[in-house]
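Got the viewer open? Load the model, find your selection box, and follow along stop by stop.

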Amino acid sequence: MKITVIGGTGLIGSKLVNSLKDLGHEVLAASPNSGVNTLTGEGLDQALENVDVVVDVANSSSFADDDVMNFFKTSGENLMKAEKKAGVNHHIALSVVGTERLQESGYFRAKQVQEDIIKNAGIPYSIVHSTQFFEFVGGIVKSSTVDNKILVSPALIQPIASDDVVKAMTDVTIGEPKNTTLEIGGPEKIKLSDLVKKYTTIMKNSDEVVSNPDATYFGAPLNDSTLIPGDGAKLGTIRYDEWISNPDNQR
């Protein structure tokens with residue numbers, strides 16, 4: 001197949017491009033650096049010429065409410081318009097487990113708009129809801145730190161390694177459109193506060209981890225089901241302790 005990966009130079013995108021190429025598919029890694037900009041529409045028609053499948057794993061560079069809404073709404077509309085013109089057979093998007101339960105967050109409101117645009121476009125689609133990546137725990141720590149205290153919820157989370165995300169995304173990309181939302185997650189549940197503590201211990205971060213039930217997650221409150229996938233989710237095999245113990249991942 002001929003496949004275009006939007007956001008094909010990022011964490012998931014670059015690994016997905018290599019995975020699909022290893023299977024013998026013709027893959028274009030599309031990003032602003034390669035002259036393809038979904039926000040402005042630049043290069044989209046050329047990037048989708050004779051393409052069978054489009055995978056969108058791009059993310060907003062800013063998480064400010066207005067910026068992230070503009071990114072996902074405008075990019076989504078531009079992408080769907082270009083895909084219809086090109087006759088794309090399958091659109092795949094990577095989103096987040098719990099998006100519909102996190103609507104007090106501007107980021108997740110924008111992700112919901114993106115998903116709604118996909119569902120209403122008339123193009124066969126598959127939306128993959130993933131739990132938080134291991135690689136982004138550092139970002140959670142940074143965003144939750146105030147005056148040398150890391151304020152995080154004790155709510156359960158079921159994080160996943162990016163390599164497991166790529167395996168799942170590869171299977172969806174080479175498969176038939178599902179026209180629904182699929183869920184993927186890591187192999188084990190853990191309290192977010194405990195996950196952060198594991199990270200700070202390994203990273204020798206001396207800031208105090210404070211477990212606070214009122215702490216929000218990118219602006220949204222949490223409970224033990226908010227970030228957990230349902231019973232039918234496809235689970236990865238890489239455990240966080242195994243992953244974080246690898247020096248290559250301690251960056």
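Start with Ser 153: its side chain reaches the backbone nitrogen of Ala 155 at 2.9 Å. That counts as a polar contact (a pair of N or O atoms within 3.5 Å; within protein, one must be able to donate a hydrogen and the other to accept it, and residues adjacent in sequence count only if both atoms are side-chain atoms).

A word on the model before going on: it is predicted, so local features need pLDDT of at least 70 and side-chain atom pairs count only at pLDDT 80 or more, while totals for chains, interfaces and linings use all residues. Residues are numbered from 1 along each chain as its sequence is written, and side-chain values use heavy atoms, with hydrogens and water left out.

**Around Ser 153**

Zoom out a little and you'll see Ser 153 in the loop between β7 (149-152) and β8 (156-157). Helix and strand labels follow DSSP runs numbered from the N terminus: helices are H or I with at least four residues, strands are E with at least two. Is Ser 153 buried or exposed? Ser 153 is buried, with a relative accessible area of 3%; the cut-offs are under 20% for buried, over 50% for exposed and partly exposed in between, with a 1.4 Å probe and protein chains only.

Now show what surrounds it. Not counting residues up to four places away in sequence, Ser 153 touches Leu 192, Ser 193, Asn 212, Ala 215 and Leu 222. Contact here means heavy atoms within 4.5 Å.

**The three-stranded sheet**

Next, select β6, β7 and β11, an open sheet of 3 strands in that order, with mixed pairing. β6 (145-146) and β11 (208-211) stand at the edges, each with a single partner strand, so one side of each has no neighbour in the sheet. Two strands pair if DSSP finds at least two bridges between them; β7 and β11 run parallel and are joined by 4 bridges. To see one such pair, pick Leu 151, which stands opposite Val 210 in β11. Then add helix α5 (residues 137-144), which packs on this sheet and touches β6 and β7, its direction making about 110 degrees with that of β7. For these angles, axes are lines fitted to C-alpha atoms (for helices, over the stretch in contact), and values run from 0 to 180 degrees between N-to-C directions.

**The seven-stranded sheet**

Over to the other sheet. Its 7 strands form an open sheet with parallel pairing, in the order β2-β1-β3-β4-β5-β9-β12. The edge strands are β2 and β12 (234-235), each pairing on one side only.

Select strand β1 (residues 2-6), where 4 of the 5 residues are buried. β1 pairs in the parallel sense with strand β2 (residues 26-30) over 5 bridges, and Val 5 has Ala 29 in β2 as its bridge partner. With strand β3 (residues 53-56), β1 again pairs in the parallel sense, over 4 bridges; look for Ile 6 opposite Asp 56 in β3.

Add helix α1 (residues 11-22): together with β1 and β2 it makes a right-handed β-α-β unit. Right-handed means that, with the strands pointing away from the viewer, the path from the first strand over the helix to the second runs clockwise. α1 lies across β1, β2, β3 and β4 (90-96), running at about 170 degrees to β1.

Slide along to strand β5 (residues 125-130) and strand β9 (residues 181-185), which pair in the parallel sense over 4 bridges. Ser 130 stands opposite Ile 184 in β9. Helix α6 (residues 162-173) packs on the sheet here, touching β1, β3, β4, β5, β9 and β12, and its direction makes about 155 degrees with that of β4. At the β12 edge, Gly 185 stands opposite Leu 235.

**Helix α4 and the loop before it**

Select helix α4 (residues 106-119). Its 14 residues reach 20 Å from first C-alpha to last, close to the 20 Å expected at 1.5 Å a residue; the expected span is 1.5 Å times one less than the number of residues. In α4, 10 of the 14 residues are buried, including Phe 108 and Ile 117. Their cover includes β3, α3 (65-86), β4 and β5. At the N-terminal end, Ser 105 caps α4 with a side-chain oxygen 3.3 Å from the backbone nitrogen of Tyr 107.

Last stop: Leu 102, in the loop between β4 and α4. Leu 102 is buried, with a relative accessible area of 0%. Beyond its neighbours within four places in sequence, its contacts include Val 97, Phe 108, Tyr 217 and Leu 222.
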